[in-house]
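Please read the following account with the model open beside the sequence, taking each part of the fold in turn. The walk begins with strand pairing and ends with the overall form.

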Amino acid sequence: MDRTVKVTAAFWSKVRKTKGHWWWGGVVNADGLGLWNEGGAWVEARKVAYARCGGKPEAKLLNTCGRMSCVHPKHMQEMSA
Ligand SMILES: [Zn+2]
């Protein structure tokens, strides 16, 4: 297993997928936003999930479902800069 595959598996092991939302079970910040440590840097978990599911990694995201700990890519809207 290469490193990327391992990291990806570790990432998804923190996500609990339900019919409604994909709940982040890892670290969250003061706002309840899920955080993921990738190579020593903290990144938004929703961004990682979004990028892993085919979205643009650089996109700024807004949780349209209003649940900050949800990382469901379909509940994300790209914000224009
Ligand atoms: Zn959601």
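In this predicted model, a convenient place to begin is the pairing of E3 with strand E4, residues 34-38, where two bridges join the strands and the two run antiparallel. One of the contacts in this pairing can be named by residue, since Val 28 has Gly 34 of E4 as its bridge partner. E3 and E4 form a hairpin with five residues between them, and within that turn Gly 32 has a positive phi of about 90°.

From E4 the chain continues into a second hairpin, in which two residues lie between E4 and E5 and Gly 39 in the turn has a positive phi of about 60°. Here the pairing is again antiparallel, and it extends over four bridges; among the residues involved, Trp 36 is matched with Val 43 in E5. As a general point, the strands of a sheet pair through backbone hydrogen bonds, in either a parallel or an antiparallel arrangement.

Taken together, these strands make an open sheet of three, in the order E3-E4-E5 and with antiparallel pairing. The edges are formed by strand E3 (27-28) and strand E5 (41-44), each of which pairs on one side only. Helix H2 packs on this sheet, where it touches E4 and E5, and its direction makes about 70° with that of E4.

How much of helix H2 is covered? Six of the eight residues in H2, which spans residues 45-52, are buried, so that the helix is mostly covered. The buried residues of H2 are Ala 45, Arg 46, Lys 47, Val 48, Ala 49 and Tyr 50. Just after the helix, Gly 54 takes a positive phi of about 100°.

Which residues make up the largest nonpolar core? This core has 10 residues, namely Trp 22, Trp 24, Trp 36, Ala 45, Val 48, Ala 49, Tyr 50, Cys 70, Val 71 and Met 76. Strand E2 (22-24) and H2 each supply at least two residues of the core, and the largest share, four residues, comes from H2. Met 76, one of the core residues, touches Arg 46, Tyr 50, Leu 61, Leu 62, Asn 63 and Thr 64 when residues up to four places away in sequence are left out of the count.

It remains to place these parts within the whole chain. The protein has two helices and seven strands, and from the N terminus on its elements run α-β-β-β-β-β-α-β-β. The radius of gyration is 12 Å, close to the 12 Å that the globule rule gives for 81 residues, so the protein is as compact as a globular protein of that length. Along the principal axes, the C-alpha atoms fill a box of roughly 35 × 25 × 25 Å. Buried residues account for 19% of the 81 residues in the protein. Of the contacts between residues at least 6 apart in sequence, 35% join residues at least 24 apart.

Methods:
Residues numbered from 1 in each chain as written. Predicted model: local features only at pLDDT ≥ 70, side-chain atom pairs only at ≥ 80, totals over all residues. Buried ≥ 20, exposed ≤ 12 C-beta atoms within 10 Å, placed from the backbone. Rg over C-alpha atoms; globule rule 2.2 N^0.38 Å. Contact = placed C-beta atoms within 7 Å. Core = buried A, V, L, I, M, F, W, Y, C linked by C-beta atoms within 7 Å. Pairing = 2+ DSSP bridges. Axes fitted to C-alpha atoms, helices over the stretch in contact; angles between N-to-C directions.
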